[in-house]
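Visitor: Could you take me through one part of this model at close range, and then show me the helix contacts and unusual backbone spots that go with it? I would enjoy an unhurried tour.

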Amino acid sequence: PLFDVHLHYNAEDAAFYSPQQIMHKLDRNEISQAAVTSTPSQLAKRLYRQAPERILPLLGVYRNADDKHRWPQDTSLPARLESDLKQGPWRGIGELHLFTQDRHSPVFRRIVELARQYQLPLLLHTDPAVIDTVYDIAPEQPVIWAHAGTFPYPDLVADYLQRYPALSLDLSVRDERIAPGGEIRDDWYELFVTYPDRCMIGVDTYRLARWHNYADAAAKIRHWIGQLPPEVASRLAYENAAAAFKASNRDRQQ
């Protein structure tokens, strides 16, 4: 089984696939659990209600496609976010797209503070400077770095994993970098065996075509994961994500 940490179920997806059809697709591909975000955020809740034991809803902050680019300047966002967090049943915040020039946004700082307050991981699509900024604000904040960052070089991300113990990698849409032609590269292999508890997998259904081709994407992931030592493969496939989100849920209940 796989634990997919990076799924989108946006309005375009919901118009094509019902929640029942999404569950059938996850069944066919042996996806035992999945972290799902959406635009608008209510759609992730809809999937969660369909299968609360399987779907972990992430609170997306975008109301529409334009918000993806302008949210760091939206001073009304933190209040809306806090109101949504109080209503649950959120298990994380994101995916947030943010880059170096906006890393000192007061809106972003407040979101980091809310993530810390509610003890929720952040799913960030971002560059290294933003990761540094997060840990200046909240040194122990769990962050899932989407796509192994905007500069997905094993030596760079290894440096960041060493620097920040609460940082993990989401490896979605990096399969061709990790295993070009299906064969895992030596530098990525070394990263995974050195940090076996810090990496997670995801398909990232960022557009409808990714849902259409979900089976192919999942098969690619399984193919290169199968080239790792079994104990490392099982961590990437499922155990790391399960541990990260169970820890988050446990912290909220204490």
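Guide: Here is a walk that starts at the cavity, moves on to three helix pairs and ends with the backbone. Please keep in mind that this is a predicted model.

Let us begin inside. The structure holds one cavity of 30 Å³ or more, and the space in this largest cavity comes to about 40 Å³. Its lining is made by Val 5, Leu 58, Gly 92, Ile 93, Pro 121, Leu 122, Leu 123, Ile 144 and Phe 245. Two elements give two or more residues to that lining, namely strand E4 (92-98) and strand E5 (122-126). In character, the lining has eight nonpolar residues and one polar residue, with no charged residue. Gly 92 belongs to the lining, and glycine is counted as polar here.

From the cavity we can turn to the helices, beginning with H2 and H3. Helix H2 (residues 19-28) and helix H3 (residues 42-50) have axes that come within 9 Å and cross at roughly 65 degrees. The two helices are therefore roughly perpendicular to each other, and H2 passes H3 in a right-handed crossing. On the H2 side, the contact uses Pro 19, Gln 20, Ile 22 and Met 23, and these meet Arg 46, Leu 47 and Gln 50 in H3. Sorted by class, this contact has four nonpolar, two polar and one charged residues.

The next pair is H6 and H7. The axes of helix H6 (residues 106-118) and helix H7 (residues 128-137) come within 10 Å, and they cross at roughly 55 degrees. That angle makes H6 oblique to H7. The crossing of H6 past H7 is right-handed. Phe 108, Arg 109, Val 112, Glu 113 and Arg 116 are the contact residues of H6, while H7 brings Val 130, Val 134 and Ile 137. Here the classes come out as five nonpolar, no polar and three charged residues. The charged ones are Arg 109, Glu 113 and Arg 116 of H6.

The third pair is H8 and H10. Helix H8 (residues 154-163) and helix H10 (residues 186-194) pack with their axes 10 Å apart, at an angle of about 15 degrees. That makes H8 roughly parallel to H10, and H8 passes H10 in a left-handed crossing. Pro 154, Val 157, Ala 158 and Leu 161 in H8 meet Asp 187, Trp 188 and Leu 191 in H10. This contact has six nonpolar residues, no polar residue and one charged residue; the charged one is Asp 187.

Now for the backbone. Most residues other than glycine have a negative phi, and most peptide bonds are trans. With that in mind, have a look at Glu 30, whose phi is near 55 degrees, a positive value in a residue other than glycine. Glu 30 sits in the loop between H2 and E2.

Farther along the chain, a cis peptide bond joins Thr 39 and Pro 40, with omega about 0 degrees. Pro 40 has its place in the loop between strand E2 (31-37) and H3. In this way the loops on either side of E2 each give us something to look at: Glu 30 in the loop from H2, and Pro 40 in the loop leading to H3.

Another cis peptide bond joins Gly 88 and Pro 89, where omega is about 5 degrees. Pro 89 is found in the loop between helix H5 (77-87) and E4, and that brings us back to where we started, since E4 is one of the strands giving two or more residues to the cavity lining.

Definitions and conventions. Residues numbered from 1 in each chain as written. Predicted model: local features only at pLDDT ≥ 70, side-chain atom pairs only at ≥ 80, totals over all residues. Heavy atoms only, no water. 1 Å grid on protein atoms, 1.4 Å probe; cavity = no way out; pocket = protein on both sides within 12 Å on 5 of 7 lines; lining within 4 Å. Points joined across faces, edges and corners; volume = space filled by probe spheres on them. Helix = DSSP H or I, 4+ residues; strand = E, 2+ residues; numbered from the N terminus. Axes fitted to C-alpha atoms, helices over the stretch in contact; angles between N-to-C directions. Parallel < 35°, antiparallel > 145°, perpendicular 65-115°, else oblique. Left-handed = near helix turned anticlockwise from the far one by under 90°. Contact = heavy atoms within 4.5 Å.
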